[in-house]
Amino acid sequence: MLEGKAVVEDTDMPAKMQAQAMSAASRALDRFDVLDCRSIAAHIKKEFDAIHGPGWQCVVGSSFGCYFTHSKGSFVYFRLESLRFLVFKGAAA
């Protein structure tokens, strides 16, 4: 497990949910190859859907741009190892 090594870059998510996101990312990295970003993202999204209800989105990679609207209190962007993780719950603009 890689817990404790994640660095939060930006967030409006409660600390407990941030910890859940980083733990899910750590478990995904233990389970999947670091190059399999799609499976890593799917693992995190499914965990958050199961715990916090449907509508979660996850982007994983070493370099990406994004622009999105999220529900208040549901956004975290962090790095762990060589990857960046974006987890948020979508919202209508």
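## Exercises on a predicted model

In this structure, which is a predicted model, Val8 touches Gln18, Met22, Val76, Tyr77 and Phe78, when residues up to four places away in sequence are not counted.

**Exercise 1. Find the strand that holds Val8, and decide whether Val8 is buried, exposed or partly exposed.**

Solution. Begin with the position in the chain: Val8 lies in strand E1, which covers residues 7-11. Next, take the relative accessible area of Val8, which is 33%. Buried means under 20% and exposed means over 50%, so Val8, at 33%, is partly exposed. Finally, consider a partner far along the chain: Arg79 is 71 residues from Val8 in sequence, yet the two C-alpha atoms are 6.5 Å apart in space.

**Exercise 2. Carry out the analysis for Phe85: which strand holds this residue, and which residues does Phe85 touch?**

Solution. Phe85 belongs to strand E4, made of residues 83-90. Leaving aside residues up to four places away in sequence, Phe85 touches Ala25, Leu29, Ile40, Ile44, Val59, Val60, Val76, Tyr77, Phe78 and Leu80. For one of these, Ile40, the separation from Phe85 is 45 residues in sequence and 9.6 Å from C-alpha to C-alpha. The relative accessible area of Phe85 is 0%, and this residue is therefore buried.

**Exercise 3. Describe how helix H1 and helix H2 cross, and name the residues through which they meet.**

Solution. Two packed helices are described by the angle between their axes and the distance between the axes. For H1 (residues 15-31) and H2 (residues 37-52), the axes come within 9 Å and cross at roughly 140 degrees. An angle over 145 degrees would count as roughly antiparallel, whereas H1 and H2 are oblique to each other. The crossing of these two helices is right-handed. On the H1 side, the contact is made by Met17, Gln20, Ala21, Ala24, Ala25, Arg27, Ala28, Leu29 and Arg31, which meet Ile40, His43, Ile44, Glu47, Phe48, Ile51 and His52 of H2. Sorted by class, this contact of H1 with H2 has 10 nonpolar, three polar and three charged residues.

**Exercise 4. How many disulfides does the whole structure have, and why is Cys58 not bonded to Cys37?**

Solution. A disulfide is a covalent bond between the sulfur atoms of two cysteines. A search of the whole structure finds zero disulfides. Cys37 is in none, and the nearest cysteine sulfur to its own is that of Cys58. The cut-off for a disulfide is a pair of sulfur atoms within 2.5 Å, and because the sulfur of Cys58 is 9.8 Å from that of Cys37, the two are too far apart for a bond. As a last step, Cys58 has a relative accessibility of 16% and counts as buried.

Technical notes. Residues are numbered from 1 along each chain as its sequence is written. This is a predicted model: local features need pLDDT of at least 70, side-chain atom pairs count only at pLDDT 80 or more; totals for chains, interfaces and linings use all residues. Side-chain values use heavy atoms; hydrogens and water are left out. Buried means under 20% relative accessible area, exposed over 50%, partly exposed in between (1.4 Å probe, protein chains only). Axes are lines fitted to C-alpha atoms, for helices over the stretch in contact, and angles run from 0 to 180 degrees between N-to-C directions. Helices (H or I, at least four residues) and strands (E, at least two) are DSSP runs, numbered from the N terminus. Angles under 35 degrees count as roughly parallel, over 145 as roughly antiparallel, 65 to 115 as roughly perpendicular and the rest as oblique. A crossing is left-handed if the near helix is turned anticlockwise from the far one by less than a right angle, and right-handed if clockwise. Contact means heavy atoms within 4.5 Å. Ala, Val, Leu, Ile, Met, Phe, Trp, Tyr, Cys and Pro count as nonpolar, Asp, Glu, Lys and Arg as charged, and the others, Gly among them, as polar.
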